[in-house]
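Please look over the sequence and the structure shown here before reading on. The report that comes after them is meant for someone meeting this structure for the first time.

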Amino acid sequence: MTEDSDPGGAGAADAGTAWRRIADELAVSIGKGDYAAGDTLPAATALAERYGVHRHTVRQAFRHLAEQGLVTVSRGRGTQVSSRRVPYPIGRRVSMRANLGRIGLVASSEMLSAEQIDGEAETCATLGLDDGARLWRVEGLSLADGTPMGTGTHWLSVARFPDFDAAFRDGGASITAALAAYGVADYVRLSTRLTARLASEREAKLLEIEPGAPVMVSVAVDALPDLTPIHLVSSVFAGERMEMVVEPFAE
């Protein structure tokens, strides 16, 4: 029997029908839980033999499933079932812990680094500070149920927030908790800019994804309720785990 033969009749079907049938059956299996998130699907050669089709037909089915967000196809790792994407609302107030808690996930954070730097002109201008003002540059990693979701780099005024590194660490790497230590009980999102690119090697290692995998980048400015800017953060999210939900900026 050749690779393209099909004693059951599938190999005689139109190639478009064949790959669609394979994709649909795999999607049903994923939906039923036969394959859990992170599981690797059978290899294209094995499925080609099972269905009596050419392996390229199976690969077309894999591509379709990837386009639907059901699987990720990686060189050397095969085709793996994707984890469900976590919705991340972006509105007037944004909190990773609150967002994850609303959907039943346990949020946690880790401080990766903290240092004082002379602020670049653009960063200082964004925060309403003089050029070269001393800034905190603090890095953190956010997790959901222990899975890395995103890494963020935060900039804040050293003069306004002395010892912020300790406040951030003692607050469990939560910006909200750290700001509360300075009497900032509430803050709002002034702006959020979203772009996409490929992960660097360091980002891939931190997020436990493949180097070169898609990531979403968010650059945001937070302010006091009177709209005085106090916090700039650049975040990188694992594209396969997160989806951004833009909400109207309304109370």
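What follows describes the sheet, the nonpolar cores, the aromatic pairs and a few single residues.

## The sheet

The structure is a predicted model, and a good place to begin is its open sheet, in which six strands stand in the order E4-E5-E6-E9-E8-E7 with antiparallel pairing. The edges of this sheet are formed by strand E4 (107–118) and strand E7 (188–198), each of which pairs on one side only. On average, neighbouring strands of the sheet are turned by 15° against each other, with direction ignored.

Three of the pairings can be set side by side, each with its number of bridges and one pair of residues that face each other across it.

| Strands paired | Bridges | Facing residues |
|---|---|---|
| E4 and E5, antiparallel | 11 bridges | Ala-107 and Ala-144 in E5 |
| E5 and E6, antiparallel | 10 bridges | Arg-137 and Trp-155 in E6 |
| E6 and E9, antiparallel | six bridges | Thr-153 and Ser-234 in E9 |

Strand E5, which covers residues 134–144, is mostly covered, since nine of its 11 residues are buried. E5 and E6 also form a hairpin with two residues between them, and Asp-145, which sits in the turn, has a positive phi of about 50°.

Within strand E6 lies Thr-151, a residue that counts as buried because its relative accessible area is 9%, under the limit of 20%. A polar atom of the Thr-151 side chain lies 3.1 Å from the backbone oxygen of Gly-140. Leaving aside residues up to four places away in sequence, Thr-151 touches Leu-112, Gly-140, Leu-141, Leu-206, Leu-207, Ser-234, Ser-235 and Val-236.

## The nonpolar cores

Which residues of the largest nonpolar core touch the most other members? This core has 19 residues, and the ones in question are Ile-22, Leu-26, Leu-41, Val-53, Val-58 and Phe-62. Helix H1 (15–32), helix H2 (44–51) and helix H3 (55–67) each supply at least two residues of the core, and H1 gives the most, with six residues. When residues up to four places away in sequence are not counted, Leu-41 touches Leu-26, Tyr-35, Phe-62, Leu-65, Val-71, Thr-79 and Val-81. There is also a second, separate core of 16 residues, which includes Val-158, Phe-164, Tyr-187 and Ile-230.

## The aromatic pairs

The count of aromatic pairs comes to five. In one of them, the rings of Phe-161 and Phe-164 have their centres 6.0 Å apart and their planes at 65°, so the pair is edge-to-face. Both Phe-161 and Phe-164 are buried. Phe-161 also pairs with Tyr-182, and here the ring centres are 5.2 Å apart and the planes stand at 85°, so this pair too is edge-to-face. Because Phe-161 lies in the loop between E6 and helix H6 (164–170), while Tyr-182 lies in the loop between helix H7 (175–180) and E7, the pair ties together parts that are 21 residues apart in sequence.

How do the two partners stand in terms of exposure, and what is the relative accessible area of each? Phe-161 is buried, with a relative accessible area of 1%, whereas Tyr-182 is partly exposed, with a relative accessible area of 28%. Taken together, ring pairs link Phe-161, Phe-164, Phe-168 and Tyr-182 into a cluster.

## Two charged residues

Arg-189 lies in strand E7 and is buried, its relative accessible area being 7%. The side chain of Arg-189 makes a polar contact of 2.6 Å with the side chain of Asp-222, and another polar contact, of 3.0 Å, joins the side chains of Arg-189 and Thr-192. The C-alpha atoms of Arg-189 and Ala-220 are separated by 7.3 Å, although these residues are 31 residues apart along the chain.

Asp-226, by contrast, is found in the loop between strand E8 (214–223) and E9, and with a relative accessibility of 55% this residue counts as exposed. The side chain of Asp-226 makes a polar contact of 2.9 Å with the side chain of Thr-228. Between the C-alpha atoms of Asp-226 and Val-106, which are 120 residues apart along the chain, the separation is 32 Å.

How values were computed. Residues are numbered from 1 along each chain as its sequence is written. This is a predicted model: local features need pLDDT of at least 70, side-chain atom pairs count only at pLDDT 80 or more; totals for chains, interfaces and linings use all residues. Side-chain values use heavy atoms; hydrogens and water are left out. Two strands pair if DSSP finds at least two bridges between them. Helices (H or I, at least four residues) and strands (E, at least two) are DSSP runs, numbered from the N terminus. Axes are lines fitted to C-alpha atoms, for helices over the stretch in contact, and angles run from 0 to 180 degrees between N-to-C directions. A nonpolar core is a set of buried Ala, Val, Leu, Ile, Met, Phe, Trp, Tyr and Cys residues joined through side-chain atoms within 4.5 Å. Buried means under 20% relative accessible area, exposed over 50%, partly exposed in between (1.4 Å probe, protein chains only). Contact means heavy atoms within 4.5 Å. Rings of Phe, Tyr and Trp (its six-membered ring) pair if their centres lie within 6.5 Å; planes under 30 degrees apart count as stacked, over 60 as edge-to-face and the rest as tilted. A polar contact is a pair of N or O atoms within 3.5 Å; within protein, one must be able to donate a hydrogen and the other to accept it, and residues adjacent in sequence count only if both atoms are side-chain atoms.
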